[in-house]
Amino acid sequence: MRSAIEAACRELITDRVPESALREAMLYSVEAGGKRLRPTLYLIHKQSFGSLSLADYRLAAALELIHTYSLIHDDLPAMDNDDLRRGKPTSHKVYGEALAILAGDALLNTALEELFAICRDNPQYIEAGYIISKAAGASGMIYGQVLDIQAQANDLAGLRQIADHKTGALIGAAIEAAAAVSDLEHRDRLLFKQIARDLGFVFQVRDDILDVESSSDILGKSIGKDADQQKVTAASLLGLEDAKKLETYLIEQIQSSLRQIQTVDIEAITAYYDSLYGRKN
Ligand code: GRG
């Protein structure tokens, strides 16, 4: 799945962006690596809900482009000011700030262009396109980033609000989009919505733990940034031990929701989730 996602990302960019420094900068960040979490989530769920078509790989690639744009912009001096991402110098370190900003813009726009094209060719994908563009936008990921910059969390509810938007929105959209293009029973669709929400939060809690416990060699990005920036995170708010207990609790919630799913074979989904819990990078 990973190589199919990566091929689809490359094709999307080379098909739609003229050969230029812009295309090079877009490919640089997309091909620097990464777990391909969001496209994989989409494809694994869509496959479990039915089957996969070319449109699904195109949609999965669009998700990865949106995510990569958010990382480029998050790393800019005006935001987190990071030098390292996916184990390589950040976009603005290699291409300068102006091109990094434009590469991020172009990744987002290319993804939306592709989503519109998918919907034009396959009208049953319109709801999925709406879910993804909304999740990336001003009431989703961008809103979460603003809350994060303004450091508005001082309790668990505040922390969850930021994580649900900044991290959870796009992760959730990957799962919800797969449900939207499939024939899923209403009850199971609601359960997957809850699972998506908990998965986004557990992913963020682990990210907070890794920022304290891991190394930049393993993570491919700088560590200790949260403490340097005095960010309120699961680790700083609860302490490492309780952050890990929260992680365990969330995983149990997800597992309990999964057990209630009635009409979907959850084997591949469960196996993929299991590979994410306790991740080291
Ligand atoms: C700039 C609009 C805008 C949003 C930025 C993605 C994001 C929102 C910020 C990144 C900062 C951060 C550490 C977020 C928490 C978790 C997260 C989204 C980590 C990065 O995603 P991974 O781990 O990255 O899936 P890879 O490189 O594996 O794709």
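Author: Before we start on this predicted model, one cut-off will be needed: a residue is called buried when its relative accessible area is under 20%, and exposed when that area is over 50%.

Reader: Okay, so is Arg 160 buried or exposed?

Author: Arg 160 has a relative accessibility of 16%, and because that falls under 20%, Arg 160 counts as buried.

Reader: And which residue forms a salt bridge with Arg 160?

Author: That is Asp 198, and the closest N and O atoms of the two are 3.1 Å apart. The pair links distant parts of the chain, since Asp 198 sits in helix 11 and Arg 160 in helix 9, with their positions 38 residues apart. Asp 198 is also buried, at 4% relative accessibility.

Reader: What does Arg 206 in helix 11 pair with?

Author: Arg 206 meets Glu 247 in a salt bridge, at 2.5 Å from N to O. Glu 247 belongs to helix 15, and the two residues are 41 apart along the chain; both of them are buried.

Reader: Then how about Lys 244 and Glu 213, where do they lie?

Author: Lys 244 is in helix 15 and Glu 213 in helix 11, so their pair ties together parts that are 31 residues apart in sequence. Here Lys 244 is partly exposed, at 25%, and Glu 213 is partly exposed as well, at 42%.

Reader: Switching topic, how many helices and strands are there?

Author: The protein chain has 16 helices and 2 strands, and buried residues make up 54% of its 281 residues.

Reader: What about its radius of gyration?

Author: The radius of gyration is 18 Å, which agrees with the value near 19 Å for a compact globule with 281 residues.

Methods
Residues are numbered from 1 along each chain as its sequence is written. This is a predicted model: local features need pLDDT of at least 70, side-chain atom pairs count only at pLDDT 80 or more; totals for chains, interfaces and linings use all residues. Side-chain values use heavy atoms; hydrogens and water are left out. Helices (H or I, at least four residues) and strands (E, at least two) are DSSP runs, numbered from the N terminus. The radius of gyration is taken over C-alpha atoms; the globule rule is 2.2 Å times the number of residues to the power 0.38. Buried means under 20% relative accessible area, exposed over 50%, partly exposed in between (1.4 Å probe, protein chains only). A salt bridge is a side-chain nitrogen of Lys or Arg within 4 Å of a carboxyl oxygen of Asp or Glu.
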